[in-house]
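Visitor: Before us is a model that I should like to understand term by term. Would you set each value against its definition as we proceed?

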Amino acid sequence: VRPLLESAVGQEALRQPGPDALLWREKPFDFIDSGDWVSGVFDRVVLERDAAGRFVRGQILDYKTDETADDAALQEKAAGYAPQLALYRRAVARLTGLAETEIRTSLVFLRAQRVVAVEGRAA
């Protein structure tokens, strides 16, 4: 983890959010999704608020320790995690009232020191 924290990529991804933002780290959640009970733990969620304190945007970061040989393997791994991040996006939307379209999701590959945005896909 230390190399990521010392890298420009890691420092940008994990920078202190603005004063009006809310930061969740290792936050457990539970919700009902299509009749199924879902439990999980968010690694990191940054929730931006407007002047009235309402949530306006969210960013989910999920940490992964996978080994990847090259960029193609990294993208393949990221695609495999898309359903998990779609579920996390639904959970954040449910917990905050944000539209899912206002919540970005990314994977932080610790070994590769890369952050990969993951588009929303149905789980």
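Visitor: Why does Glu12 count as partly exposed?

Guide: Glu12 has a relative accessibility of 48%. Buried means under 20% relative accessible area, exposed means over 50%, and partly exposed is in between, with a 1.4 Å probe and protein chains only. Glu12 is therefore partly exposed. As to the source, this is a predicted model, in which local features need pLDDT of at least 70 and side-chain atom pairs count only at pLDDT 80 or more, while totals for chains, interfaces and linings use all residues. Residues are numbered from 1 along each chain as its sequence is written, and side-chain values use heavy atoms, with hydrogens and water left out.

Visitor: What makes the meeting of Arg15 and Glu12 a salt bridge?

Guide: A salt bridge is a side-chain nitrogen of Lys or Arg within 4 Å of a carboxyl oxygen of Asp or Glu. For Arg15 and Glu12 the N to O distance is 3.2 Å, so the pair satisfies the definition. Arg15 is partly exposed, at 48% relative accessible area. The whole structure holds 8 salt bridges.

Visitor: Which residue forms a salt bridge with Arg57, and how exposed are the two partners?

Guide: The partner of Arg57 is Glu48, with the closest N and O atoms 3.1 Å apart. Arg57 has 37% relative accessibility and Glu48 has 28%, so both are partly exposed.

Visitor: What does the salt bridge between Glu67 and Arg111 tie together?

Guide: The closest N and O atoms of Glu67 and Arg111 are 3.2 Å apart. Glu67 lies in the loop between β3 (55-64) and α3 (71-96), and Arg111 lies in the loop between β4 (103-109) and β5 (114-117), so the pair ties together parts that are 44 residues apart in sequence. The helices and strands named here are DSSP runs, numbered from the N terminus: helices are H or I of at least four residues, and strands are E of at least two. Both Glu67 and Arg111 are exposed.

Visitor: How are the strands of the sheet ordered, and what makes β1 and β5 edge strands?

Guide: The open sheet has 5 strands in the order β1-β2-β3-β4-β5, with mixed pairing. β1 and β5 are the edge strands, each pairing on one side only. Neighbouring strands are turned by 35° against each other on average, direction ignored; the axes are lines fitted to C-alpha atoms, and angles run from 0 to 180 degrees between N-to-C directions.

Visitor: How do you know that β3 and β4 pair, and in which sense?

Guide: Two strands pair if DSSP finds at least two bridges between them. β3 and β4 have 7 bridges, in the parallel sense, and therefore count as paired. By contrast in sense, β2 and β3 pair antiparallel over 6 bridges, and β4 and β5 pair antiparallel over 4 bridges. β2 and β3 also form a hairpin with 5 residues between them, in whose turn Gly53 has a positive phi of about 90°.

Visitor: Why is Asp62 called buried?

Guide: Asp62, in strand β3, has a relative accessible area of 3%. That value is under 20%, so Asp62 is buried. The bridge partner of Asp62 in β4 is Leu107.

Visitor: What joins the side chains of Asp62 and Gln84?

Guide: A polar contact of 3.5 Å joins them. The term denotes a pair of N or O atoms within 3.5 Å; within protein, one must be able to donate a hydrogen and the other to accept it, and residues adjacent in sequence count only if both atoms are side-chain atoms.

Visitor: Which polar contacts does the side chain of Thr105 make?

Guide: Thr105, in strand β4, is buried at 3% relative accessible area. The side chain of Thr105 makes a polar contact with the side chain of Arg89 at 2.9 Å. A polar atom of the Thr105 side chain also lies 2.6 Å from the backbone oxygen of Val118.

Visitor: Which members of the largest nonpolar core touch the most other members?

Guide: They are Phe29, Phe42, Val45, Ile60 and Val92, in a core of 23 residues. A nonpolar core is a set of buried Ala, Val, Leu, Ile, Met, Phe, Trp, Tyr and Cys residues joined through side-chain atoms within 4.5 Å. The largest share of this core, 9 residues, comes from α3.
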